[in-house]
Amino acid sequence: MISSKLPNVGTTIFTTMSQLAAQTGALNLSQGFPDFNGPQGLLEAVGRHIAQGHNQYAPMTGLQSLREQVAAKIARSYGVAIDPDSEVTITPGATEAIFCAVQAVVQAGDEVIVFDPCYDSYEPSVELAGGRCVHVQLSADGFAIDWQKLSDAISDRTRLIILNSPHNPSGALISRADLDRLAALIGERDIYLISDEVYEHLIFDGVQHASVLAHEQLLRRAFVVSSFGKTYHVTGWKTGYVVAPPGLTLELRKVHQYVNFCGVTPLQWALADYMASNPEHVEELPTFYQAKRDLFCDLLAPSRFTFTRTPGTYFQLVDYGQIRPDLNDVEMSLWLTREHGVATIPVSVFYQNPIAEQRLVRLCFAKREDTLRAAAQKLAAI
């Protein structure tokens with residue numbers, strides 16, 4: 001019998017809950033994808049480029065025009081000049097970008113610091129590279145970094161720290177002051193960063209995203225990962241990118257070329273066209289998704305769930321402690337799906353050591369208004 005390289009990995013909770021939602025006919029607020037289409041002009045551009053014959057391999061690094069549009073967007077958003085040739089790589093999804101970045105710098109015996117609750121792809125990527133994750137738990141009340149815990153976790157074996165802001169599942173944000181503090185903490189140590197910023201344009205209430213791209217000290221040692229799928233409502237396109245200084249980009253591309261080589265060509269052409277003709281799209285995203293957040297939260301206000309409106313992402317955490325405190329969050333998610341027709345994600349699956357008394361589930365509000373109203377009606381009736 002084969003000895004598994006990932007003995008603790010099974011089917012993800014996201015797959016499980018989406019399958020259960022389909023089987024039961026529940027409204028799927030579990031897995032993080034919209035139930036509406038991306039911009040019409042973007043969709044039409046794909047067909048146009050397929051018809052024009054853009055159906056063969058794209059360059060390994062990504063289409064030149066798309067890399068240039070990424071650099072232009074970064075300049076507009078963060079005031080930073082990025083070289084599209086030596087510092088931008090287009091990947092088949094942000095998850096592949098994270099995987100390749102981990103493989104590029106982590107060697108056998110290295111330690112990688114992750115913050116719990118954390119996205120589930122991080123640890124398998126580290127384990128496949130021969131490394132070990134060191135989990136640092138974020139604060140239970142606001143999901144902020146505990147700087148003493150982080151300092152204590154850093155050792156001579158620490159090779160990499162993985163940040164995630166806006167944070168999945170909580171929506172919490174890292175501030176510029178946090179980035180300054182991190183830079184001071186790691187100083188001249190030989191520690192690299194992956195900054196998972198796939199929700200960079202989904203920040204609400206007038207707050208500006210504190211990107212590692214705009215932090216000169218940290219950017220020199222960082223892979224910054226983002227997602228066209230999240231930004232343009234086309235998660236099924238599985239197209240993302242990673243920005244890193246030339247030396248790190250070179251190492252990442254060595255891995256990337258043997259993992260997937262390149263992303264889907266006509267999708268890259270379409271994204272390049274749409275970004276060039278509609279640069280305002282990213283500027284309008286916070287207002288677009290804040291309206292959905294506020295509608296959903298207003299509709300949930302009369303319910304017995306308690307919550308604080310999420311500051312970022314398209315996820316809202318709700319506390320069910322006043323409803324079924326006898327159930328852990330996995331049991332609660334199954335109960336909500338089977339008995340009340342709304343699929344959610346339990347927050348404990350994002351932890352190495354779940355907080356026993358925590359009673360939180362994650363709801364995705366990247367949905368049409370009628371979906372949000374129907375889901376909120378079911379939840380408020382519990």
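Which residues line the largest cavity? Select Leu163, Ser165, Ile174, Leu179, Ser195, Glu197, His209, Ala210 and Val212, and you have the whole lining on screen. Keep in mind as you click around that this is a predicted model.

**Stop 1: the two cavities**

With that selection up, colour by class: the lining divides into 5 nonpolar residues, 3 polar and 1 charged. The space inside has a volume of about 40 Å³. The count of cavities of 30 Å³ or more comes to 2, so let's visit the other one.

For the second largest cavity, select Glu197, Glu200, Leu213, Val224, Val225, Ser226, Tyr241 and Val243. Strands β7 (222-227) and β8 (240-243) each give two or more residues to this lining, and β7 has the largest share, with 3 residues. By class you get 5 nonpolar, 1 polar and 2 charged. The volume here is about 30 Å³.

Keep Glu197 highlighted for a moment: Glu197 appears in the lining of the largest cavity and again in that of the second largest.

**Stop 2: from Glu200 to the salt bridges**

Stay on Glu200 and add Lys73. The two form a salt bridge, with the closest N and O atoms 3.2 Å apart. This pair links distant parts of the chain: Glu200 sits in the loop between β6 (192-196) and α8 (216-219), while Lys73 belongs to helix α3 (residues 64-78), 127 residues away. Both Glu200 and Lys73 are buried.

The structure holds 16 salt bridges, and two others are worth a click. Go to helix α7 (residues 176-186) and show Arg176 and Asp180, which lie 4 residues apart, about one turn of the helix. Their side chains meet in a salt bridge at 3.2 Å, N to O. Are these two buried or exposed? Neither label fits: Arg176 counts as partly exposed because its relative accessibility is 43%, and Asp180, at 35%, is partly exposed too.

Now select Arg309 and Asp298, whose side chains meet in a salt bridge with an N to O distance of 2.5 Å. Arg309 is in the loop between α12 (281-300) and β9 (315-319) and Asp298 is in helix α12, so the pair ties together parts that are 11 residues apart in sequence. Arg309 is partly exposed at 34%, and so is Asp298 at 45%. Extend the selection to Asp205, Arg293 and Asp294: salt bridges that share partners join these with Asp298 and Arg309 into one network.

**Stop 3: the nonpolar cores**

Hide the charges and pick Ile113, Phe115, Ile161, Leu182, Phe228 and Tyr232. Out of the 59 residues in the largest nonpolar core, these touch the most other members. Helix α11 (residues 265-277) supplies the largest share of this core, 6 residues. Apart from it lies another core, of 57 residues, including Tyr289, Val342, Leu363 and Ala375.

Go back to Ile113 and expand around it. Leaving out residues up to four places away in sequence, Ile113 touches Val134, Val136, Leu150, Ala153, Ile154, Thr158, Leu160, Ile161 and Ile162.

**Stop 4: His135**

Select His135 in strand β4 (residues 132-137). With a relative accessible area of 18%, His135 is buried. Beyond its neighbours within four places in sequence, His135 is in contact with Val114, Asp116, Cys118, Glu123 and Gln352. For a sense of scale, draw a distance to Gly25: the C-alpha atoms are separated by 36 Å, and the two residues are 110 apart along the chain.

**Stop 5: backbone oddities**

Most residues other than glycine have a negative phi, and most peptide bonds are trans. Here are some exceptions to look up.

Asp116, one of the contacts of His135, leads into Pro117 through a cis peptide bond with omega near 5 degrees. Pro117 is in the loop between β3 (111-116) and α5 (122-128). Another cis bond joins Asn168 and Pro169, with omega about 25 degrees; Pro169 is in the loop between β5 (158-164) and α7.

Where do you find His233? Look in the loop between α9 (228-231) and β8. Phi of His233 is positive, near 65 degrees, and the residue is buried at 9%.

End on Thr313, in the loop between α12 and β9. Phi of Thr313 is near 70 degrees, again positive, and Thr313 is buried, with a relative accessible area of 0%.

Methods. Residues are numbered from 1 along each chain as its sequence is written. This is a predicted model: local features need pLDDT of at least 70, side-chain atom pairs count only at pLDDT 80 or more; totals for chains, interfaces and linings use all residues. Side-chain values use heavy atoms; hydrogens and water are left out. A salt bridge is a side-chain nitrogen of Lys or Arg within 4 Å of a carboxyl oxygen of Asp or Glu. Buried means under 20% relative accessible area, exposed over 50%, partly exposed in between (1.4 Å probe, protein chains only). A nonpolar core is a set of buried Ala, Val, Leu, Ile, Met, Phe, Trp, Tyr and Cys residues joined through side-chain atoms within 4.5 Å. Contact means heavy atoms within 4.5 Å. On a 1 Å grid over the protein atoms alone, a cavity is a set of points where a 1.4 Å probe fits but cannot get out, and a pocket is an open set with protein on both sides within 12 Å along at least five of seven lines; lining residues have an atom within 4 Å of a point. Grid points are joined across faces, edges and corners, and a volume is the space filled by probe spheres set on the points. Ala, Val, Leu, Ile, Met, Phe, Trp, Tyr, Cys and Pro count as nonpolar, Asp, Glu, Lys and Arg as charged, and the others, Gly among them, as polar.
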